[in-house]
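Colleague: I would like to learn how to read a structure of this kind, feature by feature. Could you take me through it slowly?

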Amino acid sequence: MSLPGITPQEFQYLQSATTGFSEQQLRGFLMIYGSKRRNPDDMILYCILAFFVPGLPRFLLNQIGMGILYFFTAGLCFIGTIIDMVNHKTLAFEYNQRMVFESLQMVKMGGMQ
């Protein structure tokens, strides 16, 4: 699997999620998942930019409600923004787990054999 910035934890999760896939299914899954996933290394950049655009990382993680809250409260007075900077890898991994599930559903519904 050639995904930039993949962590061992994420790699192990992907291997367990794609057991029993054919080569074509695996290629389709990686194409879909690769376009949706967030690189944990990029998340730190988004968190730094959140000091200028509050809520940016939350919007990028499809957490629209939290993004709006952070936007109008300046990242909860920047405390939430700092916490997001510390937890950027966890935020990215949790988002990527949801994207694994969505990608698996798309591959299975697509009927790729």
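Modeller: We will go from the overall make-up to a pair of helices and then to the surface, bearing in mind throughout that this is a predicted model.

Colleague: How many helices and strands are there in the protein?

Modeller: The protein has 8 helices and 0 strands, so that, read from the N terminus, the order of elements is α-α-α-α-α-α-α-α. Its C-alpha atoms fill a box of roughly 50 × 25 × 15 Å along the principal axes, and 34% of the 113 residues count as buried.

Colleague: How should I describe helices H2 and H8 with respect to each other?

Modeller: In general, two packed helices are described by the angle between their axes and by the distance between those axes. Here the axes of helix H2 (residues 23–36) and helix H8 (residues 88–110) come within 9 Å and cross at roughly 140°. Since only angles over 145 degrees count as roughly antiparallel, H2 and H8 are therefore oblique to each other, and the crossing in which H2 passes H8 is right-handed.

Colleague: Which residues make the nonpolar surface patch?

Modeller: The patch, of about 760 Å², is made by Leu45, Leu49, Phe51, Phe52, Val53, Phe78, Ile82 and Val86. Helix H3 (40–49) and helix H7 (79–86) are the elements that give two or more residues to this patch.

Colleague: Is Val86 buried or exposed, and why?

Modeller: Val86, which lies in helix H7, counts as exposed because its relative accessibility is 65%, and the cut-off for exposed is over 50%.

Methods: Residues numbered from 1 in each chain as written. Predicted model: local features only at pLDDT ≥ 70, side-chain atom pairs only at ≥ 80, totals over all residues. Heavy atoms only, no water. Patch = residues over 30% accessible without salt bridge, like charges linked within 9 Å, V, L, I, M, F, W, Y side chains within 5 Å. Areas by Shrake-Rupley, 256 points an atom, 1.4 Å probe, with all protein chains shown as cover. Salt bridge = Lys/Arg side-chain N within 4 Å of Asp/Glu carboxyl O. Helix = DSSP H or I, 4+ residues; strand = E, 2+ residues; numbered from the N terminus. Buried < 20%, exposed > 50% of the residue type's maximum accessible area, 1.4 Å probe, protein only. Axes fitted to C-alpha atoms, helices over the stretch in contact; angles between N-to-C directions. Parallel < 35°, antiparallel > 145°, perpendicular 65-115°, else oblique. Left-handed = near helix turned anticlockwise from the far one by under 90°.
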